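Biologist: Before we start, please show me the model. I would like to ask how its descriptions are justified.

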Amino acid sequence: MQFNYVVSTNVSAVLLWKRLGFSVIGTLPRAYRHQQLGFVDVYVMYRFLADPSEWPEQ
C-alpha cells in the first residue's frame, strides 16, 4: 500500500504511519504550501501488505 502525499511537517501522521509499518520511499521537495512555514517537503510512504516470501512462484 502506498500513500503518495504525507506532509513532512505533520509529525503525528508520519509517526503513525511508521508505527503501522510504513517507510518513507521518496520525498517530493517543497511540494506542499504550509500556511505558516511556506513550502515544505512531502513524503511518499509504502508498506507491503503481504510478506514477499509468501508470494506465489512465477
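Modeller: Strands here are DSSP runs of E with at least two residues, numbered from the N terminus. Two strands pair if DSSP finds at least two bridges between them. Keep in mind that this is a predicted model.

Biologist: What makes β2 and β3 a pair?

Modeller: Strand β2 covers residues 23-34 and strand β3 covers residues 38-46, and 8 bridges join them. Pairing asks for at least two bridges, so β2 and β3 qualify. The two strands run antiparallel, and they form a hairpin with 3 residues between them. As examples of bridge partners, Thr27 is matched with Tyr43 in β3, and Val24 with Met45.

Biologist: How do you know that β1 pairs with β3?

Modeller: By the bridge count again: 4 bridges join β1, residues 2-7, to β3. The requirement is at least two, therefore β1 and β3 are paired. They run antiparallel. Met45 in β3 is the bridge partner of Phe3.

Biologist: Why are Trp17 and Phe22 called an edge-to-face pair?

Modeller: The structure holds 4 aromatic pairs. In the one formed by Trp17 and Phe22, the ring centres are 5.4 Å apart and the planes make an angle of 70°. Centres within 6.5 Å count as a pair and planes over 60 degrees apart as edge-to-face, so both parts of the name apply. Tyr46 and Phe48 are also edge-to-face, with 5.5 Å centre to centre and 80° between the planes. Ring pairs also link Phe3, Trp17 and Phe22 into a cluster.

Biologist: Why is Phe22 called buried, and what are Tyr46 and Phe48 called?

Modeller: Phe22 has 8% relative accessibility, and buried means under 20%, so Phe22 is buried. Tyr46 has a relative accessible area of 29%, and Phe48 has 42% relative accessibility. Partly exposed lies between 20% and 50%, so Tyr46 and Phe48 are both partly exposed.

Biologist: Which residues make up the largest nonpolar core?

Modeller: That core has 5 residues: Val6, Ala13, Val14, Phe22 and Met45. In soluble globular proteins, nonpolar side chains tend to be buried together.

Biologist: What is Val6 in contact with, leaving aside neighbours within four places in sequence?

Modeller: Val6 is in contact with Ala13, Val14, Trp17, Val42, Tyr43 and Met45. They count as contacts because heavy atoms lie within 4.5 Å.

How values were computed:
Residues are numbered from 1 along each chain as its sequence is written. Side-chain values use heavy atoms; hydrogens and water are left out. Rings of Phe, Tyr and Trp (its six-membered ring) pair if their centres lie within 6.5 Å; planes under 30 degrees apart count as stacked, over 60 as edge-to-face and the rest as tilted. Buried means under 20% relative accessible area, exposed over 50%, partly exposed in between (1.4 Å probe, protein chains only). A nonpolar core is a set of buried Ala, Val, Leu, Ile, Met, Phe, Trp, Tyr and Cys residues joined through side-chain atoms within 4.5 Å.
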